[in-house]
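Here's a quick walk through this model, one region at a time. Have the viewer open and follow along.

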Amino acid sequence: MIHSWRNSKIKTKILVLLIFVCNLFCDAQIRLPTEHVPNITYNMSMQTSKAYISGLLIMQYTESEIRAVLVNEFGVSFMEFTYQPRKQKVKLHYVMDAMNKWYIKRTLRSDIKNIINTMQQGDTVYVNTKRDIQYHFILADSINYDTQR
């Protein structure tokens, strides 16, 4: 009887420890900018059957909104947008010419809202099944962009 009681107590402690470690890992992987961490950068890719875009998603927290820009590795901007968390509203400020069509911008606005919800849940992939668009994002804060030696 004592032996099974010890085993169940050890199993409970291990389970609690695993849940704690998992929560730490998830929180460290995907997050949004806040007043405590105002700037966050992600490696992001967007893939459809006809196109593939990859680059950096740079997000900045301000008092009432999150500002973001998606740029490629050469610094060319694909799009700029703001997200208001209270209203859950996305405003596109700039979209590159090849994607500057009303139906693409409507899809982007909807997808950005869903991507932010996905990030808050700790996921790294969002798939728009209706339009067959896949978005992947990985936290890039650990990358050192310092060019000085």
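Which residue takes a positive phi in the hairpin of S6 and S7? Look at Asp 132, where phi is near 55 degrees. Keep in mind as you read that this is a predicted model.

## The S6–S7 hairpin

Four residues sit between the two strands of this hairpin, S6 and S7. S6 covers residues 125–128 and S7 covers residues 133–139. The two run antiparallel, joined by four bridges. If you want a pair to click on, take Val 127, whose bridge partner in S7 is Gln 134.

Both strands show alternating side chains. In S6, Tyr 126 and Asn 128 point to one face and are buried, while Val 125 and Val 127 point to the other and are not. S7 does likewise over its own run: Ile 133, Tyr 135, Phe 137 and Leu 139 are on the buried face, with Gln 134, His 136 and Ile 138 pointing the other way and not buried.

## S1 against S7

S7 also pairs with S1, again antiparallel, this time through six bridges. Gln 134 turns up here too, standing opposite Gln 47.

Ser 45 is a handy spot to zoom in on in S1, the strand made of residues 39–47. Is Ser 45 buried or exposed? Its relative accessibility is 11%, so it counts as buried. Setting aside neighbours within four places in sequence, Ser 45 is in contact with Tyr 52, Ile 53 and Ser 54, and also with Gln 134, Tyr 135 and His 136. The last three of those contacts belong to S7.

## The cavity

How many cavities of 30 Å³ or more does a search of the whole structure find? The search turns up one. The largest cavity holds about 100 Å³ of space. Strands S2 (52–61) and S4 (77–84), along with helix H2, are the elements that give two or more residues to its lining. H2 gives the most, with five residues.

To colour the lining, pick Met 44, Leu 57, Met 59, Leu 70, Met 79, Phe 81, Leu 108, Ile 112, Ile 115, Ile 116, Met 119 and Tyr 135. By class that's twelve nonpolar residues, with no polar and no charged ones. Tyr 135 is a face you've met already: it's on the buried side of S7, and it is in contact with Ser 45.

## The end of H2

H2 spans residues 102–120, and Gln 120 lies in it. With a relative accessible area of 55%, Gln 120 is exposed, because the cut-off for that label is over 50%. Try putting a distance on Gln 120 and Leu 32: they're 88 residues apart in sequence, yet their C-alpha atoms are 7.2 Å apart in space.

## One salt bridge

Side chains of opposite charge can pair when their charged atoms come close. The structure holds one salt bridge, and the side chains that meet in it are Glu 65 and Arg 67, at 3.4 Å from N to O.

How do the two partners sit? Glu 65 counts as buried, since its relative accessibility is 13%. Arg 67, at 44% relative accessible area, is partly exposed.

Methods
Residues numbered from 1 in each chain as written. Predicted model: local features only at pLDDT ≥ 70, side-chain atom pairs only at ≥ 80, totals over all residues. Heavy atoms only, no water. Buried < 20%, exposed > 50% of the residue type's maximum accessible area, 1.4 Å probe, protein only. Salt bridge = Lys/Arg side-chain N within 4 Å of Asp/Glu carboxyl O. Pairing = 2+ DSSP bridges. Contact = heavy atoms within 4.5 Å. 1 Å grid on protein atoms, 1.4 Å probe; cavity = no way out; pocket = protein on both sides within 12 Å on 5 of 7 lines; lining within 4 Å. Points joined across faces, edges and corners; volume = space filled by probe spheres on them. Nonpolar A, V, L, I, M, F, W, Y, C, P; charged D, E, K, R; others polar.
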